[in-house]
Amino acid sequence: MTAADKTVNGVLGYDKGNVLVGQLVLPARTYADPEKRRQFVEKVLEPMQSIPAATDIGMTSHIPAGFGGNSRKLWPEGEELTEAEARPVDFRRATNGSFAALRIPLIRGRWFHD
């Protein structure tokens, strides 16, 4: 089975085998500033990258196929939409190692970088 087969034929679209998942909840009061959150993520990921058995390390705001997520309204460029017409978009934040850790293949486009 190729990486692309997992996406096309796989139910989840990623490989959850040999993946360790943990959950962190950052206090909103302490980490309201996006730069503070970014620095925290760097401090957590850096020592993990030196673990010999860990081949890929990543963090996401919500795991794939998990509950929760973030939603914001989107106003596509060039379209005149009212507040009510704006399109709701669900999104998740992810570090560049998240896709490799879950063996999510790149089908088109490019990978994210720090």
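## Fold and two residue environments in a predicted model

Residues 24 or more positions apart account for 44% of the contacts with a separation of 6 or more in this protein. The model is a predicted one.

The protein contains three helices and two strands, arranged along the sequence in the pattern α-α-β-β-α. Of its 114 residues, 11% count as buried. The accessible surface of the protein comes to about 9400 Å², and carbon and sulfur atoms contribute 56% of that area.

Two residues illustrate local surroundings within this fold.

| Residue | Location | Relative accessibility |
|---|---|---|
| N70 | strand β1 (residues 70–74) | 21%, partly exposed |
| T95 | loop between β2 (87–91) and α3 (98–101) | 17%, buried |

N70 belongs to strand β1. Because its relative accessibility is 21%, and buried requires a value under 20%, N70 is classed as partly exposed. Leaving aside neighbours within four places in sequence, N70 is in contact with S61, H62, V89, D90, F91 and R93. One of these partners, R93, is 23 residues from N70 in sequence, with a C-alpha to C-alpha separation of 8.8 Å.

T95 is situated in the loop that links β2 (87–91) to α3 (98–101). Its relative accessibility of 17% falls under the 20% limit, so T95 counts as buried. When residues up to four places away in sequence are not counted, T95 touches V41, L45, G58 and M59.

Terms used
Residues are numbered from 1 along each chain as its sequence is written. This is a predicted model: local features need pLDDT of at least 70, side-chain atom pairs count only at pLDDT 80 or more; totals for chains, interfaces and linings use all residues. Side-chain values use heavy atoms; hydrogens and water are left out. Helices (H or I, at least four residues) and strands (E, at least two) are DSSP runs, numbered from the N terminus. Buried means under 20% relative accessible area, exposed over 50%, partly exposed in between (1.4 Å probe, protein chains only). Contact means heavy atoms within 4.5 Å. Accessible areas come from the Shrake-Rupley method with a 1.4 Å probe; for residues, only the protein chains shown count as cover.
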